[in-house]
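Trainee: I should like to understand how the terms used for a structure follow from its values. May we go through them one at a time?

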Amino acid sequence: MDFALSEEQEAIVDMARGFAAQEIAPYAQEWDKAGEIPKTLWPKLAELGFGGLYVREESGGSGLSRLDATLVFEALSGACASVAGFLSIHNMCAWMIDSFGSEALREERLPAALSMESFYAYCLTEPGSGSDAAALKTRAVKSDAGYELTGTKAFISGGGYADAYLVMCRTGEDGPKGISSIIINDGTPGLSFGGLEDKMGWRSQPTRQVQMDACAVPAGNLLGEEGRGFTYAMKGLNGGRLNISACSLGAAQAALDATLTYMAERRAFGQSIDQFQALQFRLADMEIELQAARVLLRQAAWKLDTGAPDAPAACAMAKKFVTEAGSRVADQCLQLHGGYGYLADYGIEKIVRDLRVHQILEGTNEIMRMIVARNMVAK
Ligand code: FAD
Ligand code: 2MC
C-alpha cells in the first residue's frame, strides 16, 4: 500500500492547478454573478483531456483511473467548485456513452463530447421523484423511427445550456427494470425548458426543468439496452459521487489555505490571530478532518477502480463524509475571517454557498446512509 501520489499523478495535479489558477480563478466571482460559464471554457479543458477523464483511451478519452479523476476535480475546485461540479456531470455522461453505448453511438457522440463542442447534461430527477429515482414517470414510446419522449425533468444542471441531454425514461414496467437511457439533442422539436432556478450556490451554472413533449429521437439514441438505463445511471453516479466529494475537498482546502494566510496577517489584542490557541485547535481539527476525508475518498476511488464489490457503498460513504467535512471546514473558515468572511471579495462565502448543495445532489446524504446501511445489513 502506497499513500504517495506517483510522478504522473503529481503532474496531473500541477496541470489542473495551473489551468484553474489561470483560466478559472480570476473569473469565478464574475461567472457566479452573471449566472453563466462561457462555453469557450470547455474546449480549453478538453485540450487537457478533461472532457473524458475516464473514458477509455481506445475511445479517444484520457483513460485515467477514478482516483486520478478525483485529483483533477480536487485541483479545479480550488478555483471554483461550481465549474468543477458541472464538468463532472459532463464526464459522467461521456463515461456512460463509452461504457454502455453501441459502437455506432460511441462513434457518433464521443468525438464532440470529448472535445467538449457538445456539452452533456444528466437527467434523472423529476418534479415528483428525486431520492426515489426509480419512480420516474418520463415515458419513451416506441415509434417507427425510434422513440417519442414525454415528461419533465427537474433541477437539471445545464438545462437550456447543454447541447445534449442524457435522459432516464420509462420504456417498460414500473420500477428500475422499466427504465432506459436515451439521448435528446438540443433543438429537438418538443424540447423546452423551465425558468432559471434562483439558487444559493452553484450559481454560475444554469439549473432548469427540462420538458419533453413528444420529442422524437432515432432508435440509435438509445444507450445500450432497453430496461438497463437505471443501472447505467447508478453506475454513472458512483463516479459522480466521488467527483462531487473531490469538489468539496478541493474547495474546503482552498478555504483553509486562505484562512491560514489571513490569520497570519490579521491582528487582535496585540498579536496575529493565528497565535490564539483556541483558534489553532480549530485549525488542527480542520486539517485532521480534511486529511481523513482525502484518505476515505481515495480509498473509495481505489475500490471503484479495482471493481471491489462494495465500491458503490464506499462511494456513498465517501460522499456523505467528505461533503459534510468540506462544508463544516468552509463554514469555520468563514467564521475565522470575521466579518470579512461574509463579504464576497474574500471568496469564502461563495465556497460555503457552493458546497452546501453537495449534501443534496447526486443522491442526498440520507440516501448515502441508506446505501451504506443496506450494504451492511446484506452482509
Ligand atoms: P426528496 O427525494 O423529495 O427528499 C426530501 C428529503 O427527504 C431529503 O432530505 C431526503 O434525503 C429525504 N429522504 C427521501 N427519502 C428518504 C429515505 N428513504 N430515508 C431517509 N430520508 C429520505 N438531478 C439530475 O437528475 N440532474 C442534475 O443535473 C441535477 N442537478 C441538480 C442541481 C442542483 C443545484 C440541485 C439542488 C439538484 C440537482 N439535481 C439534479 C436533483 C438532485 O439530485 C435531487 O434534488 C436530490 O436527489 C433529492 O431529490 P429531491 O430534491 O426530490 O428530494
Ligand atoms: N451502483 C451500481 N448499481 C446500482 C447502484 C449503484 N450505486 N444503485 C443501485 N444499483 C442497481 C441495483 O444493484 C439494482 O440492480 P439489480 O436489480 O440488477 O440488482 C438496481 O440498480 C435497482 O436498485 P435498488 O433495488 O437498490 O433500487 P431502489 O429503488 O430500492 O433504490 C436508490 C435505489 C435509492 C439507491 C437510488 O434510487 C438512488 O441512488 N437514489 C438517489 C437518486 C440520485 O442519486 N439522484 C441524483 C440525480 S443526478 C444529480 O443530482 C446531479 C447533480 C447530476
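Mentor: Let us begin with residues 227–376, a span that is 75% helix and 3% strand, with end C-alpha atoms 28 Å apart. The model is predicted. For this span, the unreviewed UniProt entry lists "domain: Acyl-CoA dehydrogenase/oxidase C-terminal".

Trainee: What are the helix and strand shares of residues 6–117 and of residues 121–215?

Mentor: Residues 6–117 are 68% helix and 0% strand, and their end C-alpha atoms are 32 Å apart. UniProt's unreviewed entry places "domain: Acyl-CoA dehydrogenase/oxidase N-terminal" there. Residues 121–215 are 0% helix and 47% strand, with end C-alpha atoms 16 Å apart. The feature that the unreviewed UniProt entry gives for residues 121–215 is "domain: Acyl-CoA oxidase/dehydrogenase middle".

Trainee: Why are H4 and H5 called roughly antiparallel?

Mentor: The axes of helix H4 (residues 66–77) and helix H5 (residues 81–100) cross at roughly 150° and come within 7 Å. Angles over 145 degrees count as roughly antiparallel. The crossing angle of H4 and H5 is roughly 150°, and the two helices are therefore roughly antiparallel to each other. As for handedness, H4 passes H5 in a right-handed crossing.

Trainee: How do you know which term applies to H5 and H7?

Mentor: Apply the same cut-off of 145 degrees. The axes of H5 and H7 cross at roughly 155° and come within 9 Å. H5 and H7 are therefore roughly antiparallel to each other as well. The crossing in which H5 passes H7 is right-handed.

Trainee: Which residues make up the surroundings of ligand 2, and what makes a residue count as near?

Mentor: A residue is near if its C-beta atom, placed from the backbone, lies within 6 Å of the molecule. There are 21 residues around ligand 2, and those that come nearest are Ala133, Met234, Pro312, Leu361 and Gly363. Two elements give two or more residues to this shell, namely helix H7 (229–265) and helix H11 (365–378). H7 provides the largest share, six residues. By class, the shell around ligand 2 has 13 nonpolar, six polar and two charged residues.

Trainee: Why is ligand 2 said to lie between two domains?

Mentor: Domain 2 (120–225) and domain 3 (230–378) both contribute residues to the shell around ligand 2, so ligand 2 lies between them.

Trainee: Where does ligand 1 lie, and which residues come nearest to ligand 1?

Mentor: Of the 23 residues around ligand 1, the nearest are Gly130, Ser131, Ser157, Thr364 and Glu366. Strand S1 (120–123), strand S3 (146–157) and H11 each supply at least two residues of that shell. The shell around ligand 1 divides into 13 nonpolar, seven polar and three charged residues. Because domain 2 (120–225) and domain 3 (230–378) both give residues to the shell around ligand 1, ligand 1 lies between them.

Definitions and conventions:
Residues numbered from 1 in each chain as written. Chains lettered and ligands numbered in written order. Predicted model: local features only at pLDDT ≥ 70, side-chain atom pairs only at ≥ 80, totals over all residues. UniProt positions renumbered as here; feature names shortened; annotations may be inferred. Helix = DSSP H or I, 4+ residues; strand = E, 2+ residues; numbered from the N terminus. Nonpolar A, V, L, I, M, F, W, Y, C, P; charged D, E, K, R; others polar. Domains from an automatic or database assignment. Axes fitted to C-alpha atoms, helices over the stretch in contact; angles between N-to-C directions. Parallel < 35°, antiparallel > 145°, perpendicular 65-115°, else oblique. Left-handed = near helix turned anticlockwise from the far one by under 90°.
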